[in-house]
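Q: I have a structure in front of me and would like to learn how to read its features one by one. Could you walk me through it?

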Amino acid sequence: MNDSEQAVTISAEGEVGIVEAQDFVARTRFEFESGGSIPELRLRYETYGHLNAARNNAILICHALTGDHHCAGVYSMEERKQGWWNFMVGPGKPINTSEYFVICTNALGGCQGSSGPGSINPETGQPYHLDFPKLTVRDMVRAQALLLDALGIERLHAVVGGSMGGMQTLQWAIDYPQRVGRYIALACGARHTAQAIAFNDTGRQAIMTDPGWQLGNYPTDAGPVQGMAVARMMAHITYLSDVGMESKFGRRRRCSAQEHFDVEFEVESYLRYQGQSFVTRFDANSYLYLTKALDRFDLHSPESLDATLSAVTAPGLVVGFTSDWLYPPQGNRELVEALLRLGKDASYAELEMDYGHDSFLVRAPKLYQLMRNFLQR
Amino acid sequence: MHPNNTKKRQADFQVIARWVGEGERVLDLGCGRGILLEYLQQTKGVYGVGVDINFDGIRSCVKRGVPAYQGDAHQMLASFQDNAFDRVIFSRTVEQFEDPDATLQEGLRVGKRVTVGFVNHAYWKNRVHTAVFGRRILNEVYPQPWYASLPDNPFSVAEFEDYCKEKHIHIGNKVYLAGNWRDERKLLPNVLAGYAIYDLSR
């Protein structure tokens, strides 16, 4: 390999490097779909790449339930952990930051810097707790639209998201057809199945029956930690697949188990760790609000799926994953079937992967190629 | 399953394009990489949707700007209302359906017209080959030995026309192509046609 070839290889795929979160603050009342309001709106967000002069190369990425605005890069050279979609977002990557200006916000109702039940109500100086208005996916999207207004972006090249992010993506295409150039919704659906609602409510019950919850009024440094951990353990199972768990853990044991109910199997250890680490990074009330917003999300209402999707004008790509039993392929397909019935430009692709619902977060060259093709056309 | 030769692979494109009207709504079942639909988009300004079970095909369609759906043709047809499309195209796919009659009937429900293109299994060279050698023919059209082929349900011009008669399916246009899949043939199609294309309606 000569030098020039090497240079090409290096520049073909790079990292966004060190990034910094920013805060958008709108000091006017933000009205929720439910009728409630908050005195000011805060959204924490990150951007990668450069907005071009025509301001038409922006891509908005919407994160999943417990994701955040940090989807690429690192906060410092010492930090090993990269953003949650680092392999997808960067120079030369499928969402190419050499070409596009990428924005990712922490969802409204979340707990990593955006307005949510855990943030301080400027009118009282106290956290909102359960006074935070009832939240919908439409509210999350409208908050993002206000940020785009502030950034001077009239129209997005694309909106992209998986799971809850996929629902936001669809809501974008429905609510702001004139602002969406195209959209990619991964591992999502038009509404939750009874099973998805059942899992969410079991998680919520674990939190709300924990004495630490205190009707939502727990102090910042304490809370329903046991309930949160159990909710997370259970939810995490729904993000994986039977086959995936079997190949990752099987019945492998840890030798350290002494007592009868100590951690014995690797899968127990893994899930308990997931539960414990979740408690330190996520707010219980945010979890309640966000899961409820997802359970209520329903594109079949008020009239029908076709009626709701008739507002869409942008070309869309929906991707389902064969082993996803939380948002199964059928629910993804249903969206595209409706869009095609309506004569829209929409495509459905399905990837055979063993990682369950989380497949869209896993390295998959086939998915990269597909998304690249769609974003570039 | 399609032959490697581009001209042969796209043998029925010209004929199908002749029958497709400007700006029609077209559903291509078994669209592969979306080449026919891209061609129809460019030449006829159609709204075309492709269906294929193969991910790589769908990815190519996405690249071409052809709306495409990865999944089973029969199941996908069921999601559409009657006459949702002006034309439903089955180009060398009927041979591979689990229940060809049911899928064709669904096609006739969803499409105002249905185009079917298929390799005539009774083409004389196929007959001679089987009679002389007692083996499946291996050539450009049937490139793989039996053990490396998809389940296939080959049929002939005569059998297909019998079927249409029996099911009261109206045959509008039909074109028989010679063994080279290029020149049109009118005489003795069940023997001399290598490929046949039909324009059907209820």
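A: Gladly! Let us begin with a helix: 10 of the 12 residues of α3(A) are buried, so this helix is largely enclosed by the rest of the structure. Keep in mind throughout that this is a predicted model.

Q: Which residues of α3(A) are buried?

A: They are M164(A), G165(A), G166(A), M167(A), Q168(A), T169(A), L170(A), Q171(A), W172(A) and A173(A).

Q: What do the buried residues of α3(A) pack against?

A: Their partners in chain A are the strands β5 (58-62), β11 (158-162), β12 (183-186) and β13 (316-321), together with the helices α2 (137-151) and α8 (284-296).

Q: How far apart are the end C-alpha atoms of helix α3 of chain A, and what should its residues span?

A: The idea is to allow 1.5 Å a residue, counting one less than the number of residues. For the 12 residues of α3 (residues 164-175) of chain A the expected span is 16 Å, and the end C-alpha atoms are 16 Å apart, which agrees.

Q: Now for strands. How should I read the directions of their side chains?

A: In a regular strand the side chains alternate between the two faces of the sheet. Take β8(A): F101(A), I103(A) and T105(A) point one way, V102(A) and C104(A) point the other way, and all are buried. Since five of the five residues of strand β8 (residues 101-105) of chain A are buried, the strand is largely enclosed by the rest of the structure.

Q: Which strands pair with β8(A), and in which sense?

A: Strand β4 (residues 41-48) of chain A pairs with β8(A) in the antiparallel sense, over four bridges. β5(A) and β8(A) run parallel and are also joined by four bridges. A good residue to look at is I103(A) in β8(A): T47(A) stands opposite it, and L60(A) stands opposite it too.

Q: What can you tell me about β14(A) and its two faces?

A: Both faces are covered: A346(A), Y348(A) and E350(A) are buried on one side, and S347(A), A349(A) and L351(A) are buried on the other. That makes six of the six residues of β14(A) buried.

Q: How is β14(A) joined to β13(A)?

A: The two strands run parallel and are joined by six bridges. One pair to look for is G320(A) with its bridge partner E350(A) in β14(A). The chain goes from β13(A) through α10(A) to β14(A), a β-α-β crossover that is right-handed.

Q: Let us turn to the contact between the chains. How many residues does each chain give?

A: Chain A gives 20 residues and chain B gives 19 residues. On the side of chain A that touches chain B, the elements giving two or more residues are α10 (329-341), β14 (346-351) and α11 (365-376) of chain A. β14(A) provides the largest share, six residues. By type, this side of chain A divides into nine nonpolar, four polar and seven charged residues.

Q: And within chain A, what does the domain assignment give?

A: It gives domain 1 (3-193 + 298-376) and domain 2 (197-292). Taken over C-alpha atoms, the centres of domain 1 of chain A and domain 2 of chain A are 25 Å apart. In the contact, 21 residues of domain 1 of chain A meet 17 residues of domain 2 of chain A. The domain 1 side holds nine nonpolar, 10 polar and two charged residues.

Q: How do I spot unusual backbone geometry?

A: Most residues other than glycine have a negative phi, and most peptide bonds are trans. Here a cis peptide bond joins S301(A) and P302(A), with omega about 5°. P302(A) is in the loop between α8 and α9 (305-309) of chain A.

Q: Where is N83(B), and what is the phi of this residue?

A: N83(B) is in the loop between α5 (73-78) and β4 (85-91) of chain B, and phi is near 55°, a positive value in a residue other than glycine. N83(B) has 14 C-beta neighbours inside 10 Å, so it counts as partly exposed.

Q: Is W181(B) buried or exposed?

A: Buried, because W181(B) has 20 C-beta neighbours inside 10 Å. Its phi is near 60°, again a positive value in a residue other than glycine, and W181(B) is in the loop between β6 (170-177) and β7 (184-185) of chain B.

Conventions:
Residues numbered from 1 in each chain as written. Chains lettered and ligands numbered in written order. Predicted model: local features only at pLDDT ≥ 70, side-chain atom pairs only at ≥ 80, totals over all residues. Contact = placed C-beta atoms within 7 Å. Nonpolar A, V, L, I, M, F, W, Y, C, P; charged D, E, K, R; others polar. Pairing = 2+ DSSP bridges. Right-handed = clockwise from strand over helix to strand, strands pointing away. Domains from an automatic or database assignment.
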